Amino acid sequence: MAAGSAAALAFFSQESRTRAGGVGGTRVPAPVTMDSFFFGCELSGHTRSFTFKVEEEDDAEHVLALTMLCLTEGAKDECNVVEVVARNHDHQEIAVPVANLKLSCQPMLSLDDFQLQPPVTFRLKSGSGPVRITGRHQIVTMSNDVSEEEIEEEEEDSEEEEAELCPILP
């Protein structure tokens, strides 16, 4: 067997053991899937705040990754301060200004995937906007779709591989 094939086989074997029952029969978390959806909202003199929230019963982990804030058509040359209201590590609500946009000097701001845990409220603290907020809503879920048959087959394969290995004698 070529070295590349052996490495691929070893990787596959390790993956099978990890999915089936882990090393020593301990269970490991189920496979994780991640979905990403476009997010956008606009703050203006008419809509001064927007709250992004998810359903409480949802077992998935949600992350809102902000990418950009920008002034849109119709904005005046005034300071537009955008504030984010979220919870900190102690679960206390805090309000933090994240942008001060002005048409003549800074009409947009890149936030480079600034990540927040919902619920999150965006407020136009000063100015009349309109300010467009864009980003991604990421959903991470644990998949428990591994059938009992697959687990049994992987355990049998694991046992066969262990039987093929000769013990090291002194």
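I began with the sheet: four strands form an open sheet in the order β2-β7-β4-β5, with antiparallel pairing. Strands are DSSP runs of E of at least two residues, numbered from the N terminus, and two strands pair if DSSP finds at least two bridges between them.

I noted that this is a predicted model, in which local features need pLDDT of at least 70, side-chain atom pairs count only at pLDDT 80 or more, and totals for chains, interfaces and linings use all residues. Residues are numbered from 1 along each chain as its sequence is written, and side-chain values use heavy atoms, with hydrogens and water left out.

I looked up the edges of the sheet and found β2 (49-52) and β5 (93-101), each paired on one side only. I then followed β2 to β7 (residues 120-126), to which β2 is joined by four bridges in the antiparallel sense. Phenylalanine 50 stands opposite phenylalanine 122 of β7.

I next searched the whole structure for aromatic pairs and obtained three. Rings of Phe, Tyr and Trp (its six-membered ring) pair if their centres lie within 6.5 Å; planes under 30 degrees apart count as stacked, over 60 as edge-to-face and the rest as tilted.

I recorded phenylalanine 39 and phenylalanine 52 as edge-to-face, at 5.4 Å centre to centre and 75° between the planes. Phenylalanine 39 lies in β1 (residues 32-43) and phenylalanine 52 in β2, so this pair ties together parts 13 residues apart in sequence.

For phenylalanine 39 and phenylalanine 122, the centres are 6.1 Å apart and the planes at 35°, so I entered the pair as tilted. This pair links β1 and β7 across 83 residues.

I checked burial last (buried means under 20% relative accessible area, exposed over 50%, partly exposed in between; 1.4 Å probe, protein chains only). Phenylalanine 39 is buried at 6%, and phenylalanine 122 is buried at 1%. I closed the entry with one aromatic cluster, formed by Phe39, Phe50, Phe52 and Phe122.
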